[in-house]
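Subject: Structure for your study

Dear colleague,

Please find below the structure that I am handing over to you. I would ask you to keep it open while you read the notes that follow it.

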Amino acid sequence: MHPVRESLPAAAEAVAELASGLVAQMEHERRLSPDVVKALSGAGFMRHFVPTAFGGNAGTFRDLMRAVTTLGETCAATAWCASLFASSPRFVSFFPSEGRQEIWAGGPDATVVCSVIPFGEAVSEPGGLRVSGRWPYMSGIECADWVIVCAKELLARGGPRLTLVAVPRAQCRTEDTWRSVGMQATGSDTVVVEDLFVPAHRVGDRAALFAGRPADPDGPRTAGLAPLPAVNGLTFVVPALGAARGALALLTDHLGRKLHHVPVLPGVPGALDNQTTYEIVLARSAAEIDATQLLLERIADLADSGEPITPEQVARNARDSAFAVDTLAGTVNRIFRTAGTSGQAADGPLQRIWRDVNAIATHQALQIEPTARAYARSLFTPRSTP
């Protein structure tokens, strides 16, 4: 177990520096470097939301957001995995006590990855479930200790019921399926579970996770117990916030050098002729990034408050997450265009950020249309009176 001596946002700075020197290697290998994963654990990402009873930090979404943003400025893939490594242990609190004890038996830094999409099937057996399925896009699977997946439990009457099962990584098989244009280093391969018996203490209620009803209702109410739909988008969009900040810093430096060092040729439009355009792009892009950060901080602060989150607030949070990533993708696209040919080198960092942010924007939890529908319908749903 690695001792954690700094706050997560402060510790993230050293991880970001390490990751920045390994980006090309990680993209080539299509997974995070073991050194980066070790640094993420040492910084406290894996234990961030783990309850203090198990040696964790019981941290806040606001601190996680700051730390992930820092990572995203240099490597969006590292930020993405860090966000998931920190968030996935929240799900463990929705399993029975014996399951929590088993998963954190070796300490609070167990690496947990998850998928709540019901790509598997489960059949009831005495003492548990027999589970089979294939779950794609499992970011960071190669460095996981535990895998939490969702399966359709076939019931004798009604159903099916959606359940979560926790499986040791050693009992899963991984298929090398991750071949994406963006977010290449996330190692988001497919995990396969084949005819595996899962004991009842490692079976959780998906509906409870979505409602924010932990298995231990008398335990302390922490940010880690917020209903999943209220914070799910935040997990995925914050890496894009950091990446957009990184892109803006690159453009600022690039344009500064361009304005000072590109020669002025008679009769040929030069950098100085475009100075006003550059100023508008920089100001507008910075304002959009700051505005989306404020929206995302509102989501984090609501979850950190520990207060009950209403259905209307859940819908607003999902709307804001989708709006934020849509805005950030537009910002990064504008930055990429403004950099021009000289700023779009195939081996340069800007093209990677451009690819990564546009890849993040395709995540199903961050789509404008469904979140807009849910938000609008929440406005017309009769509110219960006290």
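Two residues are said to be in contact when they have heavy atoms within 4.5 Å of each other. This is a predicted model, in which local features need pLDDT of at least 70 and side-chain atom pairs count only at pLDDT 80 or more, while totals for chains, interfaces and linings use all residues. Residues are numbered from 1 along each chain as its sequence is written, and side-chain values use heavy atoms, with hydrogens and water left out.

The chain as a whole

The chain has twelve helices and seven strands; helices (H or I, at least four residues) and strands (E, at least two) are DSSP runs, numbered from the N terminus. For 386 residues, a compact globule would have a radius of gyration near 21 Å, and the chain agrees with this at 22 Å. That radius is taken over C-alpha atoms, and the globule rule is 2.2 Å times the number of residues to the power 0.38. The C-alpha trace spans about 85 × 50 × 40 Å along its principal axes.

Of the 386 residues, 52% count as buried. Buried means under 20% relative accessible area, exposed means over 50%, and partly exposed lies in between (1.4 Å probe, protein chains only). Among contacts between residues at least 6 apart in sequence, 73% join residues at least 24 apart.

Two helices

Helix α5 covers residues 76–87. Its twelve residues should span 16 Å at 1.5 Å a residue, and its end C-alpha atoms are indeed 16 Å apart. The expected span is 1.5 Å times one less than the number of residues. Twelve of the twelve residues of α5 are buried, including Trp80, Cys81 and Phe85.

Helix α10 (residues 311–339) has 29 residues, and its expected span of 42 Å agrees with the 42 Å between its end C-alpha atoms. After α10 comes Gly340, which has a positive phi near 70°.

Selected residues

Where does Ile368 lie? Ile368 belongs to helix α12 (residues 368–380). With a relative accessible area of 32%, Ile368 is partly exposed. Leaving aside neighbours within four places in sequence, Ile368 is in contact with Ala322, Phe323 and Asp326. The C-alpha atoms of Ile368 and Arg319 are separated by 7.0 Å, although these residues are 49 residues apart along the chain.

Strand β2 (residues 128–138) contains Met138, and Tyr137 lies in β2 as well. Is each of them buried or exposed? Met138 counts as buried, at 1% relative accessibility, whereas Tyr137 is exposed, with a relative accessible area of 62%. Leaving aside neighbours within four places in sequence, Met138 has contacts that include Val113, Val147 and Asp189. The C-alpha atoms of Met138 and Phe323 are separated by 24 Å. Tyr137 has a phi near 60°, a positive value in a residue other than glycine.

Arg30 also has a positive phi, of about 60°, although it is not a glycine. Arg30 is found in the loop between α2 (23–29) and α3 (34–43).

Arg169 sits in the loop between β4 (161–168) and β5 (173–175). Arg169 is buried, with a relative accessible area of 16%. Among the residues in contact with Arg169, apart from neighbours within four places in sequence, are Glu142, Asp145 and Trp146.

Yours sincerely
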